[in-house]
Amino acid sequence: MTEKIKIDFEKTLKNSAFSEKDIEFKMKYLNKFIESGLPNRKLENWKFSDLSQIIQKNIGELSFYNDYSIQNKVDTSIFVDGLEHNKIIFINGRVEKIDFSYEDHNKVKIDDHFEFRAESDNNNSLLSLNNAFTNKCFRITIKKDYSLKKPLVIYHTTNNKIKSKNINLKLEFELEQNSSLRIIDLLKDESVNNFINIFYNFNLKENAILKNYKIDKILNKNIRYLFNNIEQQSNSVSETFILSSGSNFSKNEVNCNLNGEYSSAFVNGIFSLDNEQQHEIRTIINHLVENTKSYQLIKSVLGKNAKSAYQGKIFVDSKAQKTDGYQLSKAILLDETSEFNAKPELEIYADDVKCSHGSASGSLDENTIFYLMSRGLNYKQSKELLINGFLLDVIEKITDPEIKNLVKNMIGFKE
Amino acid sequence: MDTREKNIEQLKDYKYGFSTEIENIRAPKGLNEDVIKFISNIKKEPKWMLDFRLNAFERFKKLKEPDWQKPKYPKINYQDLYYYSAPKSVSDKPKNLDELDPKLLETYKKLGIPLQEQARLNGIAVDAVFDSVSVATTFKDELTKHGIIFCSMSEAIQKYPDLVKKYLGTVIPTTDHFFATLNSAVFTDGSFVYIPEGIKCPMELSTYFRINASETGQFERTLIIADKGSYVSYLEGCTAPMRDENQLHAANVELIALDDAEIKYSTVQNWYPGDENGKGGIYNFVTKRGLCKGKNSKISWTQVETGSAITWKYPSCILKGDNSIGEFYSIAITNNHQKADTGTKMIHLGKNTKSKIISKGISAGFSDMTYRGLVDINSKAKNSSNYTQCDSLLMGNKCGAHTVPYIKNKNYDSNIAHEATTSKISEEQLHYCQQRGLNPEEAVGLIVNGFCKEVLQQLPMEFAVEAQKLVGISLEGSVG
């Protein structure tokens, strides 16, 4: 792979107009990635899903070069019906359109070229890969005291022109004081066997509100990794909802640093998987100061040969007294071949805290099915009713009524 | 000073911290084939046993020391340890207790372990292990009447080679992890228990481990076999002198329960924890594993971990037989600079297997505590269930409490439930107790004992008393 990636990297540089500084930055991360390679089972974070192996098995050799000079045609039929919204459209990793026509243009600033910021930690080799190969990174700043009137829908689409490619995307969001932003990520793929690596960085200033809904609903044969890094100042709120259902393999990571007092983070997720799908959600919530709060709810429904994993970590610094942290993961296994893995982790260094986690997994309760059947439903209906009720619980956690209905319609829970 | 205060004054220091001046026989320093041959030779072991050790040593040379655990420790120089140390007076094992070195008897008296049978404590048979060898086993006659074998490992290798050969290394193979393999190569002594078919062991069996010599590692090996339909309750206690160096204790314990058998294994671990600045103390890196081999068998682990500078162990159950049951009850207390990374593994292989995990962690001072557990339900383990509860209590904001459970469910018929909480003693509870006349320390003691009650209840009577006291002493001075 090393030779291939170096050649592709040269090719990418030749066909883009990066500044010398950018090139230096990219080189550094390329070398970092080559050193560590794709993550595998030996790393604790990838214990439940060995990406290196999965790519090997499903894609074989990856190609890292993408020609971003050719414009793709935007297919307007993919747009969400019945919801006025701002748009960012990615096609095969290229930004085709950014449209904030519903908003005050003085209040939303879009930078397409700024100095790349070095990600502080990080031994995450996929972030290195992302840094080395992202073509263009946009930074969207929501100005002080401004709330976006309409939600922003980010369309992640691919067409059948690409195969066995690695696509890297990166977006940065700055939410200034008292601003608010709602984002819906819609994943729509017509391509097969690509590895898509998406990285978002959010910076929430005092009193900012971020709501991010990630919808991966449509069946596709791609492998996906999504990483959200969220920095929060005091009184800010972040809400992340993940519907993990469409891709062949998907791993969502949410890393949230609660840097300011009274900030809070909510992460809710649904796995609805079948037929050899393997998905994972990993969250790290770092409570770094006093009086912060986090809440996580993850539910899985697993069919034949489906495998889901949830790794959730709550970290409480010794300064972070009065932390309230909660984590719950539940799974229903529908088939002999389904598998659920969990690692709900607490790492706590302060004593005046309330932290708890729970995890439960099992099959549908036969007694409950019997109860429903004795009231006239057939077996299939009873099962569906129970599963829907189980999942609806998570959807009800969505705080935005407009988007809640949208998600319900998408999944098929009509009001 | 009232009596209570006096008691506390007495208990404040680690009361088992004395060392005994006793003449020792030691193997040459270092770890190599010659030392292994020396150990095997001095114990007059048959060839198969030596081969077992050398095999393990070959394997050991290829293994890398694990480093994924939470408590980190300075690198251990395995060549700088004595792997065998024994009181000279027992190199020819005494026929009866009268021949024992009086100094040894004195030591055990100080520890509160009566080796004289007339001074027996509610009929507990004791096997005392001093450094590398077993020095005395009590109540042999009584046990022999029932056909129960309870003796030191060395004796068992001589007298019951067939049993040892059949079972040794079947639960913890020589190819296991770093410390287990090291133990297989250099283990010195330990207890051997065999309960014949259909026998309910009439008394508690107990082993008392004591590390005395300096610069030694203790590597004991315990093997307990409960044949069909039998029952045994086994207790284990440990102490060590106060020394500035860190001493390594890497034991292997194997339990095997055949059809309908039950083994109850209780540990009160009170190795020297180091001083309040974290100097010295025992590294307790122990491998304990039980195999529920037969149908309807049951293995239950109960542990009270208050000692050691670093505790790193996961008593596990492999639930192979259908309808077998595994239980794990644990209290782990860390104070000052102690560190613990402990928990359990429940591996469900058979149908209708059940497991239950109750873990209570208390950390105070500058200590760090981790519960790490695995519940793995295999695809063949139909209709199995697991319940896990792990609660942590923090005292002060210089200490840490962590929970790292791994949950793997590959069977749709099975249920797993896991709960964990972390909290501190609430002001209201304290206020309530103090209002009724308890001082703050008593109030904390009461609340902590209540917090641990579910686990303390599982201990045999005699141990429960000791354990309850230990819980109190370990947290001494951490309130405020």
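This is a guided tour of a structure with chains A and B, moving from one selection to the next. The model is predicted.

**Chain A as a whole**

Begin by selecting chain A, in which there are 7 helices and 19 strands. Its C-alpha trace spans about 70 × 45 × 45 Å along the principal axes. For 415 residues, a compact globule would have a radius of gyration near 22 Å, and the 21 Å of chain A agrees with this. Of these 415 residues, 47% count as buried. Contacts within the chain can also be sorted by separation in sequence: among those between residues at least 6 apart, 83% join residues at least 24 apart.

**Two helices of chain A**

Next, select residues 20-36 of chain A, which form helix 2, together with residues 125-133 of chain A, which form helix 4. The axes of these two helices are 8 Å apart, and the helices pack at an angle of about 145 degrees. Their crossing is left-handed. To view the contact itself, display the side chains on both sides. Helix 2 of chain A contributes Lys26(A), Tyr29(A), Leu30(A), Lys32(A), Phe33(A) and Ser36(A), which meet Ser125(A), Ser128(A), Leu129(A), Asn131(A) and Ala132(A) of helix 4 of chain A. Sorted by class, this contact has 5 nonpolar, 4 polar and 2 charged residues.

**A buried strand in chain A**

Now select strand 15 of chain A, residues 293-302. Of its 10 residues, 7 are buried, so the strand is largely enclosed by the rest of the structure. Which strands pair with strand 15 of chain A? One is strand 13 of chain A, residues 264-273, which pairs with strand 15 in the parallel sense over 10 bridges. Another is strand 17 of chain A, residues 324-333, which also runs parallel to strand 15 and is joined to it by 10 bridges. Leu297(A) is a useful residue to label here: in strand 15 it is the bridge partner of Asn268(A), and its own bridge partner in strand 17 is Leu328(A).

**A buried strand in chain B**

Turn to chain B and select residues 221-226, which form strand 8. Here 6 of the 6 residues are buried, so this strand is largely enclosed by the rest of the structure. Arg221(B), Leu223(B) and Ile225(B) point one way from the strand, while Thr222(B), Ile224(B) and Ala226(B) point the other way. Add strand 6 of chain B, residues 191-195, which runs parallel to strand 8 and is joined to it by 4 bridges; Val193(B) has Ile224(B) as its bridge partner. Then add strand 11 of chain B, residues 252-257, which pairs with strand 8 in the parallel sense over 6 bridges. In strand 11, Ala257(B) stands opposite Ala226(B).

**A helix residue of chain B**

Select Lys453(B), which lies in helix 10 of chain B, residues 440-456. Is Lys453(B) buried or partly exposed? It has 13 other C-beta atoms within 10 Å and is therefore partly exposed. Phe328(B) is 125 residues away from Lys453(B) in sequence, and their C-alpha atoms are 14 Å apart in space.

**Where the chains meet**

Finally, display both chains. Their contact takes 32 residues from chain A and 30 residues from chain B. On the side of chain B, strands 23, 24 and 25 each give two or more residues, and strand 24 supplies the largest share, 10 residues. The residues on this side divide into 11 nonpolar, 13 polar and 6 charged. Strand 18 of chain A, residues 339-348, runs antiparallel to strand 24 of chain B, and 6 bridges join them. Among the residues involved, Ile348(A) has Ala401(B) as its bridge partner.

Methods. Residues numbered from 1 in each chain as written. Chains lettered and ligands numbered in written order. Predicted model: local features only at pLDDT ≥ 70, side-chain atom pairs only at ≥ 80, totals over all residues. Axes fitted to C-alpha atoms, helices over the stretch in contact; angles between N-to-C directions. Left-handed = near helix turned anticlockwise from the far one by under 90°. Contact = placed C-beta atoms within 7 Å. Nonpolar A, V, L, I, M, F, W, Y, C, P; charged D, E, K, R; others polar. Pairing = 2+ DSSP bridges. Rg over C-alpha atoms; globule rule 2.2 N^0.38 Å. Buried ≥ 20, exposed ≤ 12 C-beta atoms within 10 Å, placed from the backbone.
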